[in-house]
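Visitor: Please take me on a close tour of one part of this protein, the sheet and whatever packs against it. I would like one connected account, with the residues named as we go.

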Amino acid sequence: MNPDQSRSVDTPATNPNGTAPHCEHLDVLKPVADQPGGCLACQATGDRWATLSVCLTCGWVACGDDSPNRHAKAHYEETDHPLTRSQEPGSPRRWCYVHERLV
Ligand SMILES: [Zn+2]
Ligand SMILES: [Zn+2]
Ligand SMILES: [Zn+2]
């Protein structure tokens with residue numbers, strides 16, 4: 001028996017066998033409107049970003065962990081808003097900073 005099942009990291013939260021811990025942060029989300037544009041913190045300093053993440057708690061748009069400044073993570077550390085969604089069209093992956101995994 002090998003308990004280390006190799007599963008895709010972007011498996012959605014629907015887990016039929018119930019092995020992955022449920023992200024309870026998803027349960028308290030309210031719909032928020034995306035703010036158009038880019039990372040305001042980077043724009044203020046003239047920096048660039050690689051990817052953008054949207055905070056699912058308040059709609060704040062910030063640069064993702066692929067970017068030099070990682071303002072999305074800074075937003076989490078400041079506000080305790082744990083969930084972000086990739087702003088890339090077609091791949092709306094949600095990331096929980098508390099669980100440190102896709103949810
Ligand atoms: Zn979570
Ligand atoms: Zn930024
Ligand atoms: Zn937020």
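Guide: Let's start where strand S1, residues 52-55, meets strand S3, residues 83-86: the two run antiparallel and are joined by three bridges. Across this pairing, serine 53 faces serine 86 of S3. Please keep in mind that this is a predicted model.

On to the next pair. S3 is also paired with strand S4, residues 94-96, again in the antiparallel sense and again over three bridges. Here arginine 85 stands opposite arginine 94 of S4. Strands in a sheet are held to one another by backbone hydrogen bonds, in either a parallel or an antiparallel arrangement.

Back at S1, three bridges join it to S2, and these two strands are antiparallel as well. Valine 54 has valine 61 of S2 as its opposite number. S1 and S2 make a hairpin, with five residues between the strands. In that turn, glycine 59 takes a positive phi of about 85°.

Now we can put the sheet together. It is an open sheet of five strands, ordered S2-S1-S3-S4-S5, with antiparallel pairing. Its edges are S2 (61-63) and S5 (101-102), each of which pairs on one side only. To place the sheet in the chain, read along the sequence: the pattern is α-β-β-α-β-β-β, made up of two helices and five strands.

What about the two faces of S1? Both are covered. Leu52 and Val54 are buried on one side, while Ser53 and Cys55 are buried on the other. So the serine that stands opposite serine 86 and the valine that stands opposite valine 61 belong to opposite sides of the strand, and both count as buried because each has 20 or more other C-beta atoms within 10 Å of its own.

Next comes the helix that packs here. Helix H2, residues 71-79, lies across S1, S2 and S3, and it runs at about 120° to S2. Its buried residues are His71, Ala72, His75 and Tyr76. These four sit on the same side of H2, because they cover an arc of only 150° around the axis. The spacing is a familiar one: an α-helix has 3.6 residues a turn, so residues three or four places apart point the same way. The cover over the buried residues of H2 includes H1, S1, S2 and S3. On the other side of the helix, Glu77 and Glu78 are exposed. Just after H2, aspartate 80 has a positive phi of about 60°.

The packing around S1, S2 and H2 brings us to the largest nonpolar core, which has 13 residues. Cys39, Leu52, Val61, Ala62 and Cys63 are the members that touch the most others. S1, S2 and H2 each contribute at least two residues to this core. Cysteine 39 is worth a pause: beyond its neighbours within four places in sequence, it is in contact with Trp49, Leu52, Val61, Ala62, Cys63 and His71.

Let's compare two more spots. Tryptophan 95 lies in strand S4. It counts as buried because 22 other C-beta atoms lie within 10 Å. Apart from neighbours within four places in sequence, tryptophan 95 is in contact with Thr84 and Leu102. Proline 82, which is 13 residues away from tryptophan 95 in sequence, is 8.0 Å from it in space, C-alpha to C-alpha.

Alanine 50, in contrast, lies in the loop between helix H1 (40-45) and S1. With 11 other C-beta atoms within 10 Å, alanine 50 is exposed. Even so, setting aside neighbours within four places in sequence, it is in contact with Gly64, Asp66 and Ser67. Alanine 50 and glycine 64 are 14 residues apart in sequence, and their C-alpha atoms are 7.2 Å apart.

Finally, a step back to the whole protein. Of its 103 residues, 22% are buried. Among contacts with a separation of 6 or more, 44% join residues 24 or more positions apart.

How values were computed. Residues are numbered from 1 along each chain as its sequence is written. Chains are lettered from A and ligands numbered from 1 in the order in which they are written. This is a predicted model: local features need pLDDT of at least 70, side-chain atom pairs count only at pLDDT 80 or more; totals for chains, interfaces and linings use all residues. Two strands pair if DSSP finds at least two bridges between them. A residue is buried if 20 or more other C-beta atoms lie within 10 Å of its own, exposed if 12 or fewer, and partly exposed in between; C-beta atoms are placed from the backbone. Two residues are in contact if their C-beta atoms, placed from the backbone, lie within 7 Å. Axes are lines fitted to C-alpha atoms, for helices over the stretch in contact, and angles run from 0 to 180 degrees between N-to-C directions. The arc is that of the directions from the helix axis to the C-beta atoms. A nonpolar core is a set of buried Ala, Val, Leu, Ile, Met, Phe, Trp, Tyr and Cys residues joined through C-beta atoms within 7 Å.
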